[in-house]
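Here are a few exercises to work through with the model open in your viewer. Try each one yourself before you read the solution.

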Amino acid sequence: MAALLARIVNRLRPRDGWAPFLLTLVALLCLPAALIQQSSGAENASLIPLAVLALLLGFRLARSQLSGRSAAILGGLLGLLLVVLAVGRILPPLSLLSNEVGYAFGWLKDWVQGEMARPLPFSTALAFAVQRASTLGTRLWWWGQAVAGDAQTQDQIVLQLLTAYLVWAAALFATWQIYRRHAALLGLAPAATIVAIAAFFRGGMALFYLVVALYCMFWLAALCRLWTQTERWEEEGTDYPDGLGLELVLAYAPWVTLIVLVAAFFPVLYPHSVHRAFWGVAEEPWEQMVHTAERFVGP
């Protein structure tokens, strides 16, 4: 059994190893975790599966022969479909699907015997999906009516859709940049920025997620630099030691740990004169932006 598991793990092993893949996964999971922490409801529960699916798709696209534009179009359209399915909860639950599968076997047995009186298989699951899709469409229609009528809508369905798609796009972009362009800092910058904004406004566990995301991002930046160098050396026929990755870990680990810890525990500088000057200029535009945002997505 252990040998079989080892064989499966070795077969699924990414070409660049498990360490970069797991670092990317942890860094990207910090984004939905920070956003879910800001919400007390279950409407953002689909953010983590969306981030994982975007990582897997981005990994496959980065290893494919598709151009950046083709990959962006494919990933964007597939992400839009998955976001609608997830936020609208259109897919039937597993319990209903399992019942439908059992019913389908009985229906096939009756069909073989010439009995066709019962409803078609999966009709209940289809009716469930149609009803959920109709509910989502109705909510979007009423949201559009409220916005067009200059009313302050309270339905946050558009906010949920935008948040879910933002998580998908950030995770897909990061994975593509890391595994196709070897640009970890650029790839993870959008996700880390969103986590930093959540940490700035709310604090709490979002600060912890920010530290973890930065720690993973620094490690991935070093690994991407190593990948770029080794590819150049292989193209030039330059010999290099096989244990270069281990040497990188031993040399880099103390410094990246120190930098992240200092950044996490360093006292926040808060000059009151700069604060007053900033809000003296930004207070009115900020209030206008908040008013406009609340009109579209609620408080």
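Before the first exercise, a definition: a cavity is a set of grid points where a 1.4 Å probe fits but cannot get out, and its volume is the space filled by probe spheres set on those points. Keep in mind that this is a predicted model.

**Exercise 1. Find the largest cavity and describe its lining.**

Step 1: start with the count. There is one cavity of 30 Å³ or more, and the largest cavity holds about 30 Å³ of space.

Step 2: list what surrounds that space. The lining is made up of Ala27, Leu188, Ala191, Ala192, Ala213 and Met217.

Step 3: place the lining on the helices. Two elements, α8 (184–202) and α9 (205–236), each give two or more residues. The biggest share comes from α8, with three residues.

Step 4: sort the lining by type. You get six nonpolar residues, no polar ones and no charged ones.

**Exercise 2. Describe how helices α4 and α7 pack.**

Step 1: recall what to look for. Two packed helices are described by the angle and the distance between their axes.

Step 2: apply that here. The axes of α4 (residues 68–87) and α7 come within 9 Å, crossing at roughly 145 degrees. As for the hand, the crossing is right-handed.

Step 3: see who does the touching. On the α4 side you'll find, among others, Gly68, Ala71, Gly75, Leu78 and Leu82, while α7 brings residues including Ile157, Tyr165, Trp168 and Trp176.

Step 4: sort the contact residues. They split into 14 nonpolar, five polar and no charged.

**Exercise 3. Zoom in on Leu82: which residues does it touch beyond its neighbours within four places in sequence?**

Step 1: locate Leu82, which sits in helix α4.

Step 2: check for contacts. Setting aside those sequence neighbours, Leu82 meets Leu50, Leu53 and Trp168.

Step 3: look at one partner again. Leu50 is 32 residues away from Leu82 along the chain, and their C-alpha atoms are 7.7 Å apart.

Step 4: classify Leu82. Its relative accessible area is 22%, so Leu82 is partly exposed.

**Exercise 4. Decide whether Gln177 is buried or exposed.**

Step 1: find Gln177 in helix α7 (residues 157–181).

Step 2: compare its area with the cut-off. Buried means under 20% relative accessible area; Gln177 has 10%, so Gln177 is buried.

Step 3: name its surroundings. Not counting residues up to four places away in sequence, Gln177 touches His182, Ala183, Leu186 and Gly187.

Technical notes:
Residues are numbered from 1 along each chain as its sequence is written. This is a predicted model: local features need pLDDT of at least 70, side-chain atom pairs count only at pLDDT 80 or more; totals for chains, interfaces and linings use all residues. Side-chain values use heavy atoms; hydrogens and water are left out. Helices (H or I, at least four residues) and strands (E, at least two) are DSSP runs, numbered from the N terminus. Buried means under 20% relative accessible area, exposed over 50%, partly exposed in between (1.4 Å probe, protein chains only). Contact means heavy atoms within 4.5 Å. Axes are lines fitted to C-alpha atoms, for helices over the stretch in contact, and angles run from 0 to 180 degrees between N-to-C directions. A crossing is left-handed if the near helix is turned anticlockwise from the far one by less than a right angle, and right-handed if clockwise. Ala, Val, Leu, Ile, Met, Phe, Trp, Tyr, Cys and Pro count as nonpolar, Asp, Glu, Lys and Arg as charged, and the others, Gly among them, as polar. On a 1 Å grid over the protein atoms alone, a cavity is a set of points where a 1.4 Å probe fits but cannot get out, and a pocket is an open set with protein on both sides within 12 Å along at least five of seven lines; lining residues have an atom within 4 Å of a point.
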